[in-house]
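This report introduces a structure to a reader who has not met it before. Please look over the sequence and the model before turning to the sections that follow.

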Amino acid sequence: MATSKVDGTSNGSVKSKDEEGTTPSIFEIDDSDLTRLLEKPRPLNTERKRWTGTPRSACFEPHPIVGEAWEALRRSIVNFRGQPVGTIAALDNSSEELNYDQVFVRDFVPSALAFLMNGEPEIVKNFLLKTVFLQSREKKVDNFKLGEGVMPASFKVLHNPVRNTETILADYGESAIGRVAPVDSGFWWIILLRAYTKSTGDTSLAERPEMQRGIRLIMTLCLSEGFDTFPTLLCADGCCMIDRRMGVYGYPIEIQALFFMALRCALSLLKRDSEGNDCIDRIVKRLHALSFHMRSYFWLDIKQLNDIYRYKTEEYSHTAVNKFNVIPDSLPDWVFDFMPTRGGYFIGNVSPAKMDFRWFCLGNCVAILSSLATPEQSSAIMDLIESRWQELVGEMPLKICYPAMESHEWRIVTGCDPKNTSWSYHNGGSWPVLLWLLTAACIKAGRPQIAKRATELAESRLLMDGWPEYYDGKMGRYIGKQARKNQTWSIAGYLVAKMMLEDPSHLGMIALEEDKQMKPQMKRSASC
Ligand code: GLC
């Protein structure tokens, strides 16, 4: 298993800004350089130029909206007893706040990366410590006690002006719309702890007993034995960024990719002591089974689609080709047109007789970043994005999923959700926050031009439109019906994309190299 080195030495042939005074253009870097970028640790204490919101020196000209974005990001900082602990989901006072006045764990990730990339790790450290403390609280929904390892979906700081005190109120799903479980929170927390460690070189935070315990509790929760016949993680609907009923129950790609990445990050963070070792053994076994399952059964390209189209059904025993008994008639019409001759992707969900063929952006990008996707699969995902640009990027990056559900299907699957109408919000809406994930995935796959093109599209509108949460329409042309303005992760996502394009060595904090022991299992990919 490849683990990340955290020391202060540089072993990459790609010189950083600090070494040569100039940053190599990402567009000049070849594949072997990219591999080294993942290994190259960040300097221990960054002397790099920080963006403070004041006019920059003449040495590099950022896009004019970068300064505005930093100022907006700083305005969103939430303090607790005088210390910054996170960023608020949206600073939009124009309408009823709903639940946007709190720090969401998943929303804070791009903010945290922006601060780390700018050499400001304190807020990230405070956030990680505060959330691990919240994890250790007893959590209940009505009379039901939640698992020990559950991390909150969000928290808010309450001020008592009379007593002049501050307290934290966390939500583990018991206040969320629909009482959805934040399965992704714990995974993002581990991924962020690794990013902090990798970026600062400070291993002492991850080594603290409460952090080690926090990792183990999350692992215990997701590695516990049950009735499962698959290594993927079974979830209820609305368990991730898509936190509403959208037919993502079962084995959603977003959770499986984050699960895989969190397992790999945990492996690099856990101490090899008696408690850690037991956990490590279970992680290693699960990673092998999970990568085989995902690479074989979630992967779809034209060859695999054609195979499913011709599947026999009702096959019994271990010789079955159609293992999940997928009925070819259940293949949706759109997928035949959508599938390019070159290219492929991890589909949305796989369970008995049920394949969700929709494209989900976050899961596919995380699959690339975590090396769940083989290098060939990563290239194939990039090929798909390029050949289906109108559908997946359109006028405003990026579609959260494709295609949207309409009429009868929308009624049945979403339960007539008026926020998730076709091509809006989670149902085929376009979310600027996804830009950072696309950019990181493109750099890792050696295709940064794709991210550059998408970033330029976003740049032309984001500030003018007031940093909306999401856009609506087939091409993402309209500001979302109920989109919040000044949505923090739209702002931070843009900044992270810009910083990574400017200095690709940032990629190392959020990407993992391929583990050579996990040999690719795919034999039938036409696009590979
Ligand atoms: C919405 C999104 C969710 C996000 C939250 C705060 O509920 O669906 O992913 O975390 O808003 O921005």
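## Contact between two helices

In this predicted model, helix 4 and helix 19 meet through a set of residues on each side. Helix 4 contributes Arg106, Asp107, Pro110, Ser111, Leu113, Ala114 and Met117. Their partners in helix 19 are Thr488, Trp489, Ala492, Gly493, Val496, Met499 and Met500. Sorted by class, the residues in this contact comprise 9 nonpolar, 3 polar and 2 charged.

Helix 4 covers residues 105-117, and helix 19 covers residues 488-502. Their axes come within 8 Å and cross at roughly 40 degrees. The crossing of helix 4 with helix 19 is left-handed.

## Surroundings of the ligand

The ligand has a shell made up of Ala89, Tyr100, Phe104, Arg106, Asp107, Met241, Asp243, Tyr425, His426, Glu469, Gln487 and Trp489. By class, this shell holds 6 nonpolar, 2 polar and 4 charged residues. Arg106, Asp107 and Trp489 belong to the ligand shell, and these residues also take part in the contact between helix 4 and helix 19.

## Polar contacts and burial of the ligand

Which side chains place a polar atom beside an oxygen atom of the ligand? Among them are those of Asp243, Tyr425 and His426. For Asp243, an N or O atom of the side chain is 2.7 Å from a ligand oxygen. His426 has a polar side-chain atom 3.0 Å from an oxygen atom of the ligand, and for Tyr425 the corresponding distance is 3.4 Å.

The ligand taken alone would expose 310 Å², and the protein buries 97% of that area.

## Backbone features from Pro397 to Ser407

Two cis peptide bonds may be noted in this part of the chain. One runs from Pro397 to Leu398, with omega near -10 degrees. Leu398 is located in the loop between helix 15, residues 389-392, and strand 13, residues 401-402. The other joins Tyr402 and Pro403, where omega is about -5 degrees. Pro403 is found in the loop that lies between strand 13 and helix 16.

Helix 16 spans residues 407-414 and includes Ser407. What is the sign of phi at Ser407, positive or negative? The value is positive, near 30 degrees, in a residue other than glycine.

Key. Residues are numbered from 1 along each chain as its sequence is written. This is a predicted model: local features need pLDDT of at least 70, side-chain atom pairs count only at pLDDT 80 or more; totals for chains, interfaces and linings use all residues. Side-chain values use heavy atoms; hydrogens and water are left out. A residue is near a molecule or strand if one of its heavy atoms lies within 4 Å of it. A polar contact is a pair of N or O atoms within 3.5 Å; within protein, one must be able to donate a hydrogen and the other to accept it, and residues adjacent in sequence count only if both atoms are side-chain atoms. Accessible areas come from the Shrake-Rupley method with a 1.4 Å probe; for residues, only the protein chains shown count as cover. Ala, Val, Leu, Ile, Met, Phe, Trp, Tyr, Cys and Pro count as nonpolar, Asp, Glu, Lys and Arg as charged, and the others, Gly among them, as polar. Axes are lines fitted to C-alpha atoms, for helices over the stretch in contact, and angles run from 0 to 180 degrees between N-to-C directions. Helices (H or I, at least four residues) and strands (E, at least two) are DSSP runs, numbered from the N terminus. A crossing is left-handed if the near helix is turned anticlockwise from the far one by less than a right angle, and right-handed if clockwise. Contact means heavy atoms within 4.5 Å.
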